[in-house]
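Biologist: Please take a close look at one part of this protein for me. I would like the charged surface, residue by residue.

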Amino acid sequence: MVVLAPNTDGVPVGKLTDKALEAIVKRHGAIVHPRLVEEGWVDPEDLEGLGTVEVLEVNPLPGEVVFVPTRTGWARLRVV
C-alpha cells in the first residue's frame with residue numbers, strides 16, 4: 001500500500017499527476033492520513049472505487065517514501 005500524508009520533511013523524489021496517483025492506488029491500495037480528508041485533499045469514497053483504502057494516522061519513518069499533495073498534483077518524498 002502507498003501512503004498519502006500531509007506535508008512532511010523529506011527529499012523530493014518525483015512528481016505525479018492525479019491520474020498517475022489514481023493508477024497507483026488502483027494497483028496497490030492506499031493508507032490516507034485523516035488530515036488530508038479533513039482539509040479536502042482526498043475523498044476516501046472516490047479512492048475506494050479504485051481499490052483498498054484505509055484512513056489511518058501514520059507517522060512515516062526516515063527512508064520511507066510517501067505521497068504529499070501539491071498545488072499541481074502529488075509529490076513523492078523520501079522522509080528524512
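**The negative patch**

Modeller: Two helices, α1 (18-28) and α3 (44-48), each supply at least two residues of the negative patch. Keep in mind that this is a predicted model. The patch lies on the surface, and its members are Asp18, Glu22, Asp43, Glu45, Asp46 and Glu48. Which helix gives the largest share? That is α3, with three residues.

Take one residue from each helix. Start with glutamate 22, which sits in helix α1. Is glutamate 22 buried or exposed? Its relative accessible area is 37%, so it counts as partly exposed. The bounds matter here: partly exposed runs between the buried limit, under 20%, and the exposed limit, over 50%. A patch member needs over 30% relative accessible area and no salt bridge. Glutamate 22, at 37%, is therefore over that area cut-off.

Now turn to glutamate 45, which belongs to helix α3. Its relative accessible area is 64%, so glutamate 45 is classed as exposed. One distance helps to place glutamate 45: its C-alpha atom is separated by 24 Å from that of lysine 15. Along the chain, these two residues are 30 residues apart.

For orientation elsewhere in the chain, look at the strands. Strand β5 (residues 65-70) runs antiparallel to strand β6 (residues 73-79), and six bridges join them. The hairpin between β5 and β6 passes through two residues. Within this pairing, proline 69 stands opposite tryptophan 74 of β6.

Notes: Residues are numbered from 1 along each chain as its sequence is written. This is a predicted model: local features need pLDDT of at least 70, side-chain atom pairs count only at pLDDT 80 or more; totals for chains, interfaces and linings use all residues. Side-chain values use heavy atoms; hydrogens and water are left out. Two strands pair if DSSP finds at least two bridges between them. Helices (H or I, at least four residues) and strands (E, at least two) are DSSP runs, numbered from the N terminus. Patches are made of residues with over 30% relative accessible area and no salt bridge: like charges are joined within 9 Å, nonpolar side chains (Val, Leu, Ile, Met, Phe, Trp, Tyr) within 5 Å. Accessible areas come from the Shrake-Rupley method with a 1.4 Å probe; for residues, only the protein chains shown count as cover. A salt bridge is a side-chain nitrogen of Lys or Arg within 4 Å of a carboxyl oxygen of Asp or Glu. Lys and Arg count as positive and Asp and Glu as negative; His and the chain ends are not counted. The place of a charge is taken as NZ of Lys, CZ of Arg, CG of Asp or CD of Glu. Buried means under 20% relative accessible area, exposed over 50%, partly exposed in between (1.4 Å probe, protein chains only).
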